[in-house]
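Trainee: I should like to examine this structure with you, one question at a time. May we begin with the surroundings of the ligand?

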Amino acid sequence: MSSIIEIKNVSKEFKVLNRREGLKGSLMDLFSRDYKIVKAVDDISMTIEPGEIVGYLGPNGAGKSTTIKMMTGVLEPSSGEILVNGKIPYKNRTENAQQIGVVFGQRSQLWWALPLIESFKILKDIYMIPDSDYNNMLEFYKSLVDIDDLLHKPVRQMSLGQRTLSDILAAFLHNPAIVFLDEPTIGLDVSMKAKIRTLIKGLNKEKKTTVILTTHDMGDVDALCERIVIIDHGKMLYDNDIEHLKGFFGSYRTLKVRVDDDLKVESEIIQGEFEDLQVTSDDEWISILVDEDKIGVIDVFGTLQKTHKISDMQIEEISTEDVIKKIYEGGVK
Ligand SMILES: Nc1ncnc2c1ncn2[C@@H]1O[C@H](COP(=O)(O)OP(=O)(O)OP(=O)(O)O)[C@@H](O)[C@H]1O
Ligand SMILES: [Mg+2]
């Protein structure tokens, strides 16, 4: 089986104006322009197999969107080679469009004034989708998520979540081999995120669509990705299974406790008591990340019990969220 995406030693540099500060600086900029080179993507190589869902992760400014833009043919690499389904994306933009779908979160590609179904009909013509394929895809969409209300709504009247959902439906409509999703769940509520994950998962499973996904939401990763690629400052830090990555943190446990008092206040008190540990809280639990090579979970729990009224507790392996946080902070050897 040959790879559907091949990226070899790809870099992308941008030339940006080095702006000087203040009025004097602006005047100096007018007369002598001082440029610097930003290496947005720095010597990245990877191959992606058909049918994979790959989480492409990294902190803000890491180079994720730039990589996606190169894979979709919007940007040309400064150096290196990219093949998407055997073709060079920026040289074969029309052909490339037939085999890929793209969603850049928050920036809709749909016709603003038209009801969604009319946008679909235009896409059907553009991509020359046969009637039967088109109808089957609509039926399949309906089996995954409720779209009846959406179809007749103009895009401009939609909420952000409905619009994103519509964009994703539109990107998959011509049954492309690969779909690129750049932060598809950004700004969405819990239930819309769940719908979008169901949709992506269902399409990947049924149509064998290869999916490249960037996200800052580790819930997306847990729900969708076996494999993750992490980049930072344009450089690749990690490329493997998420479970493999968690293996590096085998001595870590998450101690979760429930208390009857205000969780946020209590978690801040606990953080004060355990300065070296990371303490967070949500609606239900206070979570304390413990490295058992340094201190036992039971010791931490014992100390807590002396000063806090704990009503329930649970011990879990390290979460994806915490693993990724650790990688961003310190990298993995
Ligand atoms: N057109 C451009 N001109 C100049 N610099 C750019 C351009 N596009 C991106 N950059 C720079 O390249 C780097 C990588 O940006 P990119 O948008 O790829 O990051 P990202 O990983 O998608 O971040 P985020 O999570 O915030 O979306 C950043 O330093 C950014 O400022
Ligand atoms: Mg981005």
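Trainee: Which element supplies the largest share of the shell around ligand 1?

Mentor: This is a predicted model. β1, β2 and α2 (64-71) each supply at least two residues of the shell around ligand 1. Three residues of the shell form the largest share, and their source is α2.

Trainee: How many residues of that shell around ligand 1 are nonpolar, polar and charged?

Mentor: The residues that surround ligand 1 include Phe-14, Val-16, Val-38, Ala-40 and Ala-62. Also among them are Gly-58, Asn-60, Gly-61, Gly-63, Lys-64, Ser-65 and Thr-66. Glycine is counted with the polar residues and lysine with the charged ones. The division is therefore five nonpolar, six polar and one charged.

Trainee: What is the order of the strands in the open sheet of three strands?

Mentor: The pairing in this sheet is antiparallel. β2 (35-48) and β4 (79-84) stand at the edges with a single partner strand each, so one side of each has no neighbour in the sheet. From one strand to the next, the twist averages 30°. The order is β2-β1-β4.

Trainee: Which residue in β4 is the bridge partner of Ile-7?

Mentor: Strand β1 covers residues 5-17 and is joined to β4 by five bridges. The two strands run antiparallel. Within β4, the partner of Ile-7 is Ile-82.

Trainee: What is the order of the strands in the open sheet of six strands?

Mentor: The pairing in this sheet is mixed. Its edges are taken by β5 and β9 (235-241), each with a single partner strand, so one side of each is left without a neighbour in the sheet. The twist averages 15° from one strand to the next. The order is β5-β6-β7-β3-β8-β9.

Trainee: Are the residues of strand β6 buried or exposed?

Mentor: A residue counts as buried if 20 or more other C-beta atoms lie within 10 Å of its own. Ile-178, Phe-180 and Asp-182 point one way from β6, while Val-179 and Leu-181 point the other way. The strand, residues 178-182, is mostly covered, and five of its five residues are buried.

Trainee: Which residue in β7 is the bridge partner of Asp-182?

Mentor: β6 pairs in parallel with strand β5 (residues 100-104) over five bridges, and Val-103 has Leu-181 in β6 as its bridge partner. Five bridges also join β6 to strand β7 (residues 210-214), again in the parallel sense. In β7, the partner of Asp-182 is Thr-214.

Trainee: Which residue in β8 stands opposite Gly-55?

Mentor: Strand β3 (residues 53-57) pairs with strand β8 (residues 227-232) over four bridges. The sense of this pairing is parallel. Opposite Gly-55, in β8, stands Ile-228.

Trainee: How far apart do the C-alpha centres of domain 1 and domain 2 lie?

Mentor: The domain assignment of the protein chain gives domain 1 as 5-245 and domain 2 as 251-317. Along the principal axes, the C-alpha atoms of the chain fill a box of roughly 70 × 60 × 50 Å. The separation of the two domain centres is 38 Å.

Trainee: What share of the contacts with a separation of 6 or more joins residues 24 or more positions apart?

Mentor: The protein chain has 13 helices and 13 strands. Of its 333 residues, 34% are buried. Among the contacts with a separation of 6 or more, residues 24 or more positions apart account for 73%.

How values were computed
Residues are numbered from 1 along each chain as its sequence is written. Chains are lettered from A and ligands numbered from 1 in the order in which they are written. This is a predicted model: local features need pLDDT of at least 70, side-chain atom pairs count only at pLDDT 80 or more; totals for chains, interfaces and linings use all residues. Two strands pair if DSSP finds at least two bridges between them. Axes are lines fitted to C-alpha atoms, for helices over the stretch in contact, and angles run from 0 to 180 degrees between N-to-C directions. Domain bounds come from an automatic or database domain assignment. A residue is near a molecule or strand if its C-beta atom, placed from the backbone, lies within 6 Å of it. A residue is buried if 20 or more other C-beta atoms lie within 10 Å of its own, exposed if 12 or fewer, and partly exposed in between; C-beta atoms are placed from the backbone. Two residues are in contact if their C-beta atoms, placed from the backbone, lie within 7 Å.
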